[in-house]
Amino acid sequence: MMGRLYTDRDRYGEAPASLLVEAVHNAVRDLVRKRWSESGDSWASFAFGSSDRLVTKADMEAIERRILGTGYRFAWSSMLSVRDRPDIYAAVEGAIDDPDFSFEHPDAIVAPVDGEGREQRGVGDNVVRCPADTGGIARYIRTSERVIDFMKNGVPEDTIAIIDDSGGTLTAPILEGFKGVICAGGTVRSHLGILTREYGIPCLMNARISGIREGERVLIETSAAARTAESYQSGMEMRARVWKIA
């Protein structure tokens, strides 16, 4: 009989985050049980010694192949992931170099142009409440090539950076040059949310936007209340609006 792992007894009182997480955790636990049983070691000797040799990269790759064999494709947070391994990630909507590209979130809240010439094109989670809203020019930053270009030539004035979920890692070298940020993923506690707060850069995370294209003038409602941890836990929405200026 194979030994029981600590995680078999203590699941921290929480359900798995998703079916994918449950499948990976189960596969890894089964693998560890098998390798531990085969080793004949005590748990301490295995965990702090022979596991480094007995649980291999090939084992992890085999788990990945089994998941992909079901037809599942991983969600991506960086365009680099999709470009480097298109066989394992869900397809990208729109070409990277398409000048007319825009995020088209199905839950974007849009509205007609109002009396001030503002056309609502979505919402997001405000990281820090600012005295006023933040306006500028929308520029999509989704590839390392564009980051390098801005590092060499400078971030254009009034840039409101629109980026994917991996923004904190991708844009860190040029973050200080942004007037504001709209990020399509994450929460106010994500890496990018923390960085923008520390740098004093207005930012909306978890943005659901539609119909905003490169070079258009936008306004983000950074005067809205900052989203709280309690609101995430309760599911209460605290929306800050994103407008395109007509």
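## Overall build

The chain contains nine helices and eight strands. The model is predicted. Of its 246 residues, 39% count as buried.

The chain exposes about 13,600 Å². Carbon and sulfur atoms supply 53% of that area. Now take the contacts between residues at least 6 apart in sequence. Of these, 58% join residues at least 24 apart.

## Two crossing helices

Helix H2 covers residues 19-39, and helix H3 covers residues 43-54. How do such pairs get described? Two packed helices are described by the angle between their axes and by the distance between the axes. Here the axes of H2 and H3 come within 10 Å. They cross at roughly 105°. An angle of 65 to 115 degrees counts as roughly perpendicular, so H2 and H3 are roughly perpendicular to each other.

Which residues of H2 and H3 meet? From H2 come Val-32, Arg-35, Trp-36 and Ser-39. From H3 come Trp-43, Phe-46, Ser-50 and Leu-54. The residues of this contact divide into five nonpolar, two polar and one charged.

## One face of helix H8

Helix H8 spans residues 191-199. Which of its residues are buried? They are Leu-192, Gly-193 and Thr-196. Look down the axis of H8, and these buried residues fall within an arc of 100°. They therefore line one face of the helix.

Gly-200 follows H8. The phi of Gly-200 is positive, near 70°.

## Positive phi outside glycine

Most residues other than glycine have a negative phi. Asp-158 is not a glycine, yet its phi is positive, about 65°. Where does Asp-158 lie? It sits in the loop between helix H6 (144-153) and strand S4 (159-163). Its relative accessibility is 27%. Buried means under 20% and exposed means over 50%, so Asp-158 counts as partly exposed.

Asn-206 also has a positive phi, near 50°, and is a residue other than glycine. Asn-206 is found in a strand, S6 (residues 203-209). With a relative accessible area of 24%, Asn-206 is partly exposed.

## Around Lys-179

Lys-179 is found in the loop between helix H7 (167-171) and strand S5 (180-183). Its relative accessible area is 36%, so Lys-179 is partly exposed.

What does Lys-179 touch, leaving out residues up to four places away in sequence? The list is Thr-134, Gly-135, Asp-158, Thr-159, Ile-160, Ile-201 and Pro-202. One of these, Asp-158, is the loop residue with the positive phi of about 65°. Another contact, Thr-159, falls within strand S4 (159-163). Pro-156 is 23 residues from Lys-179 along the chain. The C-alpha atoms of Lys-179 and Pro-156 are separated by 9.7 Å.

Definitions and conventions:
Residues numbered from 1 in each chain as written. Predicted model: local features only at pLDDT ≥ 70, side-chain atom pairs only at ≥ 80, totals over all residues. Heavy atoms only, no water. Axes fitted to C-alpha atoms, helices over the stretch in contact; angles between N-to-C directions. Helix = DSSP H or I, 4+ residues; strand = E, 2+ residues; numbered from the N terminus. Parallel < 35°, antiparallel > 145°, perpendicular 65-115°, else oblique. Contact = heavy atoms within 4.5 Å. Nonpolar A, V, L, I, M, F, W, Y, C, P; charged D, E, K, R; others polar. Buried < 20%, exposed > 50% of the residue type's maximum accessible area, 1.4 Å probe, protein only. Areas by Shrake-Rupley, 256 points an atom, 1.4 Å probe, with all protein chains shown as cover. Arc of directions from axis to C-beta.
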